Amino acid sequence: MARANKTADIKKILAAFENCDETTKAVVSGLVERVVFLNRKIAELEKDIEKNGMFETVYKANMAEPTEQRRAAVDTYNQFMKNYTPAVTKLQAIVENNIAKNPQEDEFMKFINSRGGGGKA
């Protein structure tokens with residue numbers, strides 16, 4: 001079921017690029033797939049971090065006291081956000097350029113805004 005939703009999200013977003021030239025479509029297609037993937041993984045990581053926290057207690061044999069360290073989910077989340085943000089910014093720029101040339105309903109911006117991903121209000 002999640003796969004079908006992913007495919008539907010990709011198709012909805014790509015609809016915003018129908019009137020682009022073939023080179024732009026090819027670039028956008030791969031970028032959209034990655035943005036959808038990152039969007040879903042970021043949401044999963046956010047749930048994990050909310051449930052389990054940002055830090056974990058670590059007990060090491062050579063230390064008398066346990067220490068707190070950042071969980072791997074937090075590092076992964078931060079890395080995904082670093083990759084997601086410029087990809088979304090690039091797609092937004094392409095969408096804005098496409099809309100200026102061919103006014104139409106903006107499916108990409110609806111997708112990003114519906115998931116709290118920002119965009120212009």
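**Exercise 1.** In this predicted model, list the residues of H2 that are buried, and consider what helical geometry has to say about such a list.

*Solution.* Begin with the list itself: within H2 the buried residues are Val28, Leu31, Val32, Val35, Val36, Leu38, Asn39, Ile42, Leu45 and Ile49. Next, recall that an α-helix has 3.6 residues a turn, so residues three or four places apart point the same way.

**Exercise 2.** Check whether the end-to-end distance of H2 agrees or disagrees with the span expected at 1.5 Å a residue.

*Solution.* H2 has 31 residues, and at 1.5 Å a residue these should span 45 Å. The C-alpha atoms at its two ends are 45 Å apart, so the expectation and the model agree.

**Exercise 3.** Describe what is found at the two ends of H2.

*Solution.* At the N-terminal end, Asp21 acts as the cap, with a side-chain oxygen 3.1 Å from the backbone nitrogen of Thr23. After the helix comes Gly53, which has a positive phi, near 85°.

**Exercise 4.** Classify Asn39 as buried or exposed, and identify the partner of its side chain.

*Solution.* Asn39, a residue of helix H2, has a relative accessible area of 11%, and because the cut-off for buried is under 20%, Asn39 counts as buried. Its side chain is joined to that of Tyr84 by a polar contact of 3.0 Å.

**Exercise 5.** Determine which residues of the largest nonpolar core touch the most other members, and which helix gives the most to this core.

*Solution.* The core has 19 residues, of which Phe17, Val32 and Leu91 touch the most other members. Helices H1 (2–14), H2 (22–52) and H3 (72–101) each supply at least two of its residues, and H2 gives the most, with seven.

Terms used
Residues numbered from 1 in each chain as written. Predicted model: local features only at pLDDT ≥ 70, side-chain atom pairs only at ≥ 80, totals over all residues. Heavy atoms only, no water. Core = buried A, V, L, I, M, F, W, Y, C linked by side-chain atoms within 4.5 Å. Buried < 20%, exposed > 50% of the residue type's maximum accessible area, 1.4 Å probe, protein only. Helix = DSSP H or I, 4+ residues; strand = E, 2+ residues; numbered from the N terminus. Expected span 1.5 Å × (residues − 1). Polar contact = N/O pair within 3.5 Å; in protein donor to acceptor, adjacent residues only side chain to side chain.
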